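Me: Please take a close look at one helix of this model, and then follow the chain into the strands and the pocket that go with the picture. I would like a careful, connected account.

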Amino acid sequence: MSMSEINSAAAALRHWDAVAPAWDAYRHRLFQDTRMVSEWLVEQVGPQPGQTILDLAAGPGETGFLAAARLGDAGRLICSDFAPAMVAAARRAASEQGLANVECRVID
């Protein structure tokens with residue numbers, strides 16, 4: 001990885017960590033605007049009970065949470081993002097929604 005790529009990745013991480021609190025605070029309003037696309041995506045994936053799904057770059061997790069509801073108690077959603085603040089927002093949202101089958105991870 002070149003120094004330019006490292007600097008770019010660090011800048012992206014700072015950006016997403018900085019916007020995460022606002023994204024978290026307004027996630028319901030933001031999700032209203034994108035819910036139709038999220039529902040379509042989940043329908044295309046077709047989650048089945050007992051499966052494990054990895055949601056990459058999940059942000060606050062709303063799209064993945066639609067899939068988690070279909071996975072049941074035996075299934076698992078791994079909700080990931082490279083920004084720790086986004087993962088923290090997803091973790092809070094999963095807890096608020098009572099989604100016990102969601103694991104939130106920082107993944108770069």
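Reply: The model is a predicted one, and a good place to begin is helix α4, residues 84-96, where 13 residues at 1.5 Å a residue should span 18 Å, and the C-alpha atoms at the two ends are indeed 18 Å apart, so the expected and computed spans agree. Within α4, the buried residues are Met86, Val87, Ala89, Ala90, Ala93 and Ala94. Viewed down the axis of α4, these buried residues fall within an arc of 160 degrees, and therefore they line one face of the helix. The spacing fits a general rule: an α-helix has 3.6 residues a turn, so residues three or four places apart point the same way. On the face of α4 that is turned away from the buried side sit Ser95 and Glu96, both exposed. Just after the helix, Gly98 adopts a positive phi of about 70 degrees.

Further along the chain comes strand β3, residues 102-106, which holds Glu103. Glu103 is partly exposed, since its relative accessible area is 26%, a value that lies between the 20% limit for buried and the 50% limit for exposed. Leaving aside residues up to four places away in sequence, Glu103 touches Arg76, Leu77, Ile78 and Cys79, and its side chain is joined to that of Arg76 by a polar contact of 2.7 Å. The C-alpha atom of Glu103 is also separated by 9.6 Å from that of Leu54, although the two residues are 49 places apart along the chain.

Strand β2, residues 76-81, contains Ser80, which is buried because its relative accessible area, 2%, is under 20%. The side chain of Ser80 reaches the backbone oxygen of Asp55 at 2.9 Å. With residues up to four places away in sequence again set aside, the contacts of Ser80 include Leu54, Asp55 and Leu56, together with Ala57, Ala58 and Gly59, and also Arg105 and Ile107.

Some of these contacts lead on to the largest pocket, which holds about 370 Å³ of space. The pocket is lined by 21 residues, of which Trp23, Ala57, Ala58, Gly59 and Pro60 are the closest to its centre; Ala57, Ala58 and Gly59 are thus shared with the list of residues that Ser80 touches. At least two lining residues come from each of α1 (3-25), α2 (27-45) and α3 (62-71), and the largest share, 8 residues, is supplied by α2.

How values were computed. Residues numbered from 1 in each chain as written. Predicted model: local features only at pLDDT ≥ 70, side-chain atom pairs only at ≥ 80, totals over all residues. Heavy atoms only, no water. Helix = DSSP H or I, 4+ residues; strand = E, 2+ residues; numbered from the N terminus. Expected span 1.5 Å × (residues − 1). Buried < 20%, exposed > 50% of the residue type's maximum accessible area, 1.4 Å probe, protein only. Arc of directions from axis to C-beta. Contact = heavy atoms within 4.5 Å. Polar contact = N/O pair within 3.5 Å; in protein donor to acceptor, adjacent residues only side chain to side chain. 1 Å grid on protein atoms, 1.4 Å probe; cavity = no way out; pocket = protein on both sides within 12 Å on 5 of 7 lines; lining within 4 Å. Points joined across faces, edges and corners; volume = space filled by probe spheres on them.
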